[in-house]
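This report walks through selected local features of one protein model. The sequence and structure come first, and the description follows.

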Amino acid sequence: MGDEVLANLMQQSQVFPPDEAFAAQANATADLYAEAEADREAFWEKQAERLHWETRWEQVLDWSNAPFAKWFVGGRLNVAYNCVDRHVADGHGDQVAIHWVGEPGDTRDITYAQLKDEVCKAANALSSLGLRAGDRVAIQLPMIPEAIVSMLACARLGLVHSVVFGGFSPAALRSRVEDADAKVVITADGQYRRGKAIPMKANVDEGLKGIDTVRNVIVVRRTGIDAPWTEGRDLWWHDLVDSQSTEHTPEAFDSEHPLFVLYTSGTTGKPKGILHTSGGYLTQAAYTHHVVFDHKPGKDVYWCTADIGWVTGHSYIVYGPLANRATQVVYEGTPNTPHEGRHWEIVQQYKVTIYYTAPTLIRTFMKWGEQIPAGYDLSSLRLLGSVGEPINPEAWLWYRKHIGNGSLPIVDTWWQTETGAIMICPLPGASALKPGSALRPLPGISAKVVNEKGEEVPHGSGGYLVLDQPWPSMLRGIWGDEERYRDTYWARFADLGFYFAGDGAKYDDDGDIWLLGRVDDVMNVSGHRISTTEVESALVSHPTVAEAAVVGASDPTTGQAIVAFVIPRGGVAQDEASGEEAIKALRDHVAKEIGPIAKPRQIMVVPELPKTRSGKIMRRLLRDVAENREIGDVTTLADSSVMDLIAKGLKSGS
Ligand code: WTA
């Protein structure tokens, strides 16, 4: 987002003081800031007491080997026990944990007692395959209860899960399975997408071709479509799991025992396996879910619309809500299947009270029109949330007006796969809300906006967002790549010990924080992180492409959209390369290599790319082209006529 856009945003800014009735019943009060400030470690220690520990910790934080943190040192706990068993032990076995809604309209209500049985059976099944604590399990599943059960069964056994988004390609699955050396993959025969059953197991098989370290593939029957089968390796979930005992004694693991790896895009082509561990992660996931969503166990019906393939699904569908004994809706499908009111129909039916979604979806709802939510009873709602990218004030105001009855608090939550849980966000009931601003770090969290030298910028100015104190749910590294962990996050402000988030941010005159998007080569498309390099490598792996450059251009619905510039290989004529079919083939190729979410919105065939004398592609200029702006300063180009060539080429091509 440019400065101009930001100035506009901030000008429009209105302030909504907290509603008194909401404040009177809120889980959080403004005192929390002072309490945490007075003694950060004592504050987190108190938050850790939300959980059941088999052995209490001896030390809250060990930061002596920074940037590798240890939280609640010496403590032992079982994450799955905390998310399931203890609620049953406390007499809440009959409370619904999950109201599951399938895309075709089938439903399942699962109580905590039933969830415990399912998790125990799945844990017994995984043990029967010889898996032992520390082994990795890859999970590529649609949004069905077995996805949550699988994650919890892994946690129960100390297995490290690596969930791979259901929309990712065989190649993406393959690189994740290889990087983490997964021994077992859990998947489904197929998944529903916009009313159609599409294959999943067939893709998994393609991804696993030639990999001999995967001993078993467990397959949930979801759609009933044909699934290719490898005898001796593949097992149906119902054959393996259903007959297992519902008895399983959970073992307590060290607070720093690895819980999961989740891959996310970085600035290079290879995704990073972000590592999270147990005690600190669960503490912050539970604490934030409690204060940010004002969650009341046994009363609220909570719905986070994310997919478990992303970190939001990990922290705010699985671990945070279940640790807090939430009753939640889990919906399998797309928001417009079979009609554009599907979400509101679900809110009405289950009397959802807390709804957490992404700006890209809010903008889609805006496009579909306010008459759609107006057709449903949304009066059960009492709090709304947003995550994934900066929410533009227009979308914020629409969300409040048309979904939030013009009165509900909206929590704009800034965080990352790496931070594990929410970091910067309002405290509902305590904060005065500003549309478009995530406001300030939560109690217990410290963040700053700094300049190149790491000095905090004055109010009214912008810079880089850094986290200057360790936090419990921070990543513990990148799987198998210590150096990349240090380089990516800690090298930029090494002397100061700041974590570099990769986001630009600005303080307004009150010192509130406005996030401005990524400052690196990572794009944010519909809230999903995709690196420019990743898409570029996919493009150049196509036989007709010699060179490619990719930029994120602003897009009214998806936040950013992928725009690619490609130079055809010698022998491929410019006209032929820019033909409709050739472009479609390239877009499909990217979808096949990475996944449909990475499909470029637009591909422009060009004779040259703008490069500096040292050969670096000047994306800034390409962004100007992609956003139809006048081309900026070209004096650092090795060949300043290139931009003319590109402009001319585009005119004749279109
Ligand atoms: C962006 C998703 C502004 C940001 C939880 C961050 C946001 C990246 C917000 C992380 C927000 C997420 N306001 N920007 N409320 N939430 N972002 O790892 O650029 O998928 O660095 O985690 O999304 O994306 P990730």
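G388 is partly exposed, with a relative accessible area of 34%. The model is a predicted one. G388 sits in the loop that runs between β19 (383-387) and α16 (393-403). Beyond its neighbours within four places in sequence, G388 is in contact with N524 and G527.

**The ligand site**

G388 also faces the ligand: one of its polar backbone atoms is 3.1 Å from a nitrogen atom of the ligand. Backbone atoms of E389 and P390 take part in similar pairs. The table lists these three contacts.

| Residue | Atom in the residue | Atom in the ligand | Distance |
|---|---|---|---|
| G388 | polar backbone atom | nitrogen | 3.1 Å |
| E389 | backbone N or O atom | nitrogen | 3.3 Å |
| P390 | polar backbone atom | nitrogen | 3.4 Å |

Taken alone, the ligand exposes 530 Å², and the protein buries 96% of that area. There are 17 residues around the ligand, of which D412, T413, T417, D503 and R529 come nearest. Three elements, α12 (311-323), β20 (410-413) and β25 (513-518), each supply at least two residues of the shell around the ligand.

The UniProt record, an unreviewed entry, lists a "binding site" made up of G388, E389, P390, D412, T413, W414, W415, Q416, T417, D503, R518 and R529.

R518, one of the residues in that UniProt list, is in strand β25. With a relative accessible area of 21%, R518 is partly exposed. Apart from neighbours within four places in sequence, R518 is in contact with Q416, A501, G502, D503 and R529. For A501 there is a specific polar pair: its backbone oxygen lies 3.5 Å from a polar atom of the R518 side chain.

**I424 and the loop after β20**

Which loop holds I424? I424 lies in the loop between β20 and β21 (447-450). I424 counts as buried, at 0% relative accessibility. Leaving aside neighbours within four places in sequence, the contacts of I424 include D412, T413 and W414, which also appear in the UniProt "binding site" list. Other contacts of I424 are A438, L439, R440, P441, L442, A447, L465 and I513. I424 and S437 are 13 residues apart in sequence, and their C-alpha atoms are 9.6 Å apart in space.

**The annotated N-terminal domain**

The unreviewed UniProt entry carries the annotation "domain: Acetyl-coenzyme A synthetase N-terminal" for residues 30-83. Over residues 30-83 the chain is 41% helix and 19% strand. The end C-alpha atoms of this stretch are 28 Å apart.

Helix α3 (residues 31-38) has L32, Y33 and A36 as buried residues. These residues lie on the same side of α3 because they cover an arc of only 105° around the axis. As background, residues three or four places apart in an α-helix point the same way, because the helix has 3.6 residues a turn. On the other side of α3, D31, A34 and A38 are exposed. The cover over the buried residues of α3 includes α4 (40-48) and α11 (279-292).

**Backbone features**

What kind of peptide bond joins A66 and P67? The bond is cis, with omega about 5°. P67 is placed in the loop between β1 (59-62) and β2 (70-73). Another cis peptide bond joins T337 and P338, with omega about -5°. P338 is in the loop between β17 (327-331) and α13 (342-350).

F72 has a positive phi of about 55° although it is not a glycine. F72 is found in strand β2 and is buried, with a relative accessible area of 0%.

N628 also has a positive phi of about 55° and is not a glycine. Is N628 buried or exposed? At 72% relative accessibility, N628 counts as exposed, since the cut-off for that class is over 50%. N628 lies in the loop between α21 (619-626) and α22 (642-653).

Technical notes
Residues numbered from 1 in each chain as written. Predicted model: local features only at pLDDT ≥ 70, side-chain atom pairs only at ≥ 80, totals over all residues. Heavy atoms only, no water. UniProt positions renumbered as here; feature names shortened; annotations may be inferred. Helix = DSSP H or I, 4+ residues; strand = E, 2+ residues; numbered from the N terminus. Buried < 20%, exposed > 50% of the residue type's maximum accessible area, 1.4 Å probe, protein only. Arc of directions from axis to C-beta. Contact = heavy atoms within 4.5 Å. Near = heavy atom within 4 Å. Polar contact = N/O pair within 3.5 Å; in protein donor to acceptor, adjacent residues only side chain to side chain. Areas by Shrake-Rupley, 256 points an atom, 1.4 Å probe, with all protein chains shown as cover.
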